[in-house]
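These are my notebook entries from going through one protein chain, written as I looked each thing up. I kept the terms explained as I went along.

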Amino acid sequence: MKKLGSICLILLLTVLLWSFSKAFPFLREACAQHPTPSGQIHQGLTAVNTGMVNFYVISHGETRICIDAGSSRRRAEKELAKLEISPATITAVFLTHSDQDHIAALSLFPNARIYLSHTEAEMVHNKERRLFGLIGNKLPSSYHTVSDGEEVNVGGIRVKAIATPGHTTGSTSYLVNGDTLFTGDTLSLIKGKVGIFAPRVFNMDEKTQAASIRRLKSLPNIKFLCTGHHGVTTDFAAALAEWE
């Protein structure tokens with residue numbers, strides 16, 4: 001019996017240590033997240049804070065589009081009201097990926113055409129799952145797909161899709177008007193330095209994710225790097241300096 005008890009204790013400790021090793025990156029990432037407060041970042045660029053994640057509104061004349069749609073419909077509605085932005089004026093939403101914390105407020109935008117990568121759509125339709133099979137994403141009922149390198153012009157706002165897989169199979173960054181980059185959960189931004197977005201247990205392929213970050217580094221003339229959970233930097237070169 002003593003031997004059996006010792007074996008059970010060893011197994012319990014092993015499970016606890018394994019659980020901690022998986023939970024630690026999650027806790028570290030949660031503590032490191034610092035989304036930008038709701039407000040104007042620059043003329044024509046506004047951050048909307050929905051808790052632990054930002055989505056963004058880009059304006060040009062009477063045209064307004066969003067990158068992602070936040071983690072809470074109620075919070076998004078409240079923050080947009082503070083910013084005096086009517087959801088009805090949003091004509092397009094470009095999704096970086098299909099995780100719930102980036103799509104929760106889609107129903108708030110009745111006049112918006114929704115875009116996401118065709119690879120992300122295929123991932124969802126094929127029911128690819130992660131986090132030991134616990135996470136499976138769903139998509140809105142109506143959307144348009146974009147391919148790597150495709151550019152969409154919405155009322156004078158130029159949005160170029162850049163495939164940055166890794167966090168999810170179809171994760172996509174968007175380059176807007178040639179100088180503003182939105183990366184969703186492709187990367188983290190801690191103390192001004194870019195890293196792989198964690199908790200790593202949520203990422204589907206970190207080797208591919210690292211390659212995606214290196215691809216982004218080659219982009220010229222980036223004035224604003226806008227992340228999902230880690231705010232914004234205006235020093236793109238310094239943020240990616242360590243990525244070769």
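**Entry 1: strand β10 and its neighbours**

I began with strand β9 (residues 157-163), which runs antiparallel to β10 and is joined to it by 5 bridges. I took helices (H or I, at least four residues) and strands (E, at least two) as DSSP runs, numbered from the N terminus, and I took two strands to pair if DSSP finds at least two bridges between them. Before going on I noted that this is a predicted model, in which local features need pLDDT of at least 70 and side-chain atom pairs count only at pLDDT 80 or more, while totals for chains, interfaces and linings use all residues. I also noted that residues are numbered from 1 along each chain as its sequence is written, and that side-chain values use heavy atoms, with hydrogens and water left out.

Looking across from β9 to β10, I found I162 opposite S173. On the β11 side, β10 is again antiparallel to its neighbour, with 3 bridges joining β10 to β11, and Y174 has F182 in β11 as its bridge partner.

I then asked myself which residues of β10 point one way and which the other. T172, Y174 and V176 point one way, S173 and L175 point the other way, and all are buried. Buried here means under 20% relative accessible area, exposed means over 50%, and partly exposed lies in between (1.4 Å probe, protein chains only). The strand as a whole is therefore mostly covered, as 5 of its 5 residues are buried under that cut-off.

**Entry 2: the sheet and the turn**

I followed the strands outward and wrote down an open sheet of 6 strands, in the order β8-β9-β10-β11-β14-β15, with mixed pairing. Its edge strands are β8 (151-154) and β15 (232-233), each of which pairs on one side only. Further along, β11 pairs with strand β14 (residues 224-226) in the parallel sense over 3 bridges, and F182 stands opposite C226 in β14.

The turn between β10 and β11 caught my attention next: the two strands form a hairpin with 3 residues between them, and N177 in the turn has a positive phi of about 55°. D179 sits in this loop, between β10 (172-176) and β11 (180-182). The side chains of D179 and T180 are joined by a polar contact of 3.0 Å. (A polar contact is a pair of N or O atoms within 3.5 Å; within protein, one must be able to donate a hydrogen and the other to accept it, and residues adjacent in sequence count only if both atoms are side-chain atoms.) Apart from neighbours within four places in sequence, D179 is in contact, meaning heavy atoms within 4.5 Å, with N221, I222, K223 and F224.

**Entry 3: a second hairpin**

I turned to strand β1 (residues 39-42) and strand β2 (residues 45-49), which pair in the antiparallel sense over 3 bridges. Here G39 stands opposite A47 in β2. The two strands form a hairpin with 2 residues between them, and G44 in the turn has a positive phi of about 85°.

Is T46, which I found in strand β2, buried or exposed? T46 is buried, with a relative accessible area of 11%. Not counting residues up to four places away in sequence, T46 touches several residues, including G39, F55, L83 and I85.

**Entry 4: two further residues**

K78 lies in helix α2 (residues 73-82) and is partly exposed, with a relative accessible area of 49%. K78 and T50 are 28 residues apart in sequence and 9.1 Å apart in space, C-alpha to C-alpha.

L106 is in the loop between α3 (100-103) and β6 (113-117), and at 11% relative accessibility L106 counts as buried. Leaving out residues up to four places away in sequence, L106 touches A69, V93, L95, I114 and P140. I also looked up L106 and A76, which are 30 residues apart along the chain and have C-alpha atoms separated by 9.8 Å.

**Entry 5: the whole chain**

Last, I noted that the chain has 6 helices and 15 strands. Of its 244 residues, 49% count as buried. Among contacts in the chain with a separation of 6 or more, 60% come from residues 24 or more positions apart.
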